[in-house]
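Hi everyone, thanks for coming. Please have a look at the structure on the screen, and I'll walk you through it.

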Amino acid sequence: MHHHGYVWTGPKERFDNEALRRPPHPRPPPPPSPNDPTGERLLQRYREVAAEFPTSELPPLETAYWLIKPRSLVRGTWDEAKEAAAWLGERLAEYAHRFSDRHHRDTGRLSRLVDSAAARLTTGADVSYGFYLERPAYLSLAVVTCSPNRSTPTLPCPLG
């Protein structure tokens, strides 16, 4: 078992585009009937999401799906949960001054988040944190357990 780290920052409105953050349904919609513009739009939208989801840099709604994103998005890989949690702590410290909520900047609170992450990663769980930065930006941090992932064991390791 090992862990991969991911970071995304960007406009909150882009983060809110949930259609691009959700994996497409395993079965596409049925082919539309002739002269069915609604069915045709649905099928076209399905195709767009199916093509864009695996390549999009946007954080997935389900943390485990980071594993199918491009390998270039992996910001670090660790064999030990403590090392992965330490990386997460470094990212929290790096961005803390930009958190829009003063409460989230508290170093004691951030330390507890890192400790909690280490404990969860040790069990094989994933960790995902999100923070509003200066408006309207958003920060998403994730550490995903791999080989296998506990929630979705069929997902491949992005490093092969």
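**A strand under cover**

Let's start with one residue: Cys-146 counts as buried because its relative accessibility is 1%; buried means under 20% relative accessible area, exposed over 50%, and partly exposed in between, with a 1.4 Å probe and protein chains only.

Before going on, a word on what you are looking at. This is a predicted model, in which local features need pLDDT of at least 70 and side-chain atom pairs count only at pLDDT 80 or more, while totals for chains, interfaces and linings use all residues. Residues are numbered from 1 along each chain as its sequence is written, and side-chain values use heavy atoms, with hydrogens and water left out.

Back to Cys-146. Does its sulfur sit in a bond, or is it free? The closest cysteine sulfur, in Cys-157, is 3.5 Å away, so the two are too far apart for a bond. A disulfide here is a pair of cysteine sulfur atoms within 2.5 Å, and the structure holds zero of them.

Now for strand S4, residues 137-146. Helices (H or I, at least four residues) and strands (E, at least two) are DSSP runs, numbered from the N terminus. Ten of the ten residues of S4 are buried. Ala-137, Leu-139, Leu-141, Val-143 and Thr-145 point one way, while Tyr-138, Ser-140, Ala-142, Val-144 and Cys-146 point the other way.

Which strands pair with S4? Strand S1, residues 2-11, runs antiparallel to S4 and is joined to it by ten bridges; two strands pair if DSSP finds at least two bridges between them. In that pairing, Trp-8 stands opposite Ser-140. S3 is also antiparallel to S4, over six bridges, and Tyr-129 has Leu-141 as its bridge partner. S3 and S4 form a hairpin, with four residues between them.

Let's zoom in on Thr-145, in S4. Thr-145 has a relative accessible area of 0%, so it is buried. Its C-alpha lies 9.1 Å from that of Gly-5, although the two are 140 residues apart in sequence. Beyond neighbours within four places in sequence, the contacts of Thr-145 (heavy atoms within 4.5 Å) include Met-1, His-3, Leu-67 and Asp-126. Its side chain also reaches the backbone oxygen of Gly-124 at 3.5 Å.

Gly-124 brings us to helix H4, because that glycine follows H4, and its phi is positive, near 95°. H4 has 16 residues and should span 22 Å at 1.5 Å a residue, taking 1.5 Å times one less than the number of residues. Its end C-alpha atoms are 23 Å apart, which agrees. Among the buried residues of H4 are Leu-110, Leu-113 and Leu-121, and the buried residues of this helix pack against S1, H3, S3 and S4.

That leads to the core. In soluble globular proteins, nonpolar side chains tend to be buried together. A nonpolar core is a set of buried Ala, Val, Leu, Ile, Met, Phe, Trp, Tyr and Cys residues joined through side-chain atoms within 4.5 Å. The largest one has 25 residues, and Leu-88, Leu-92, Phe-99, Tyr-129, Phe-131 and Leu-139 touch the most other members. H3, H4, S3 and S4 each supply at least two residues, with H3 giving the most, seven. A second, separate core of 18 residues includes Phe-15, Val-49, Phe-53 and Val-74.

Notes. Polar contact = N/O pair within 3.5 Å; in protein donor to acceptor, adjacent residues only side chain to side chain.
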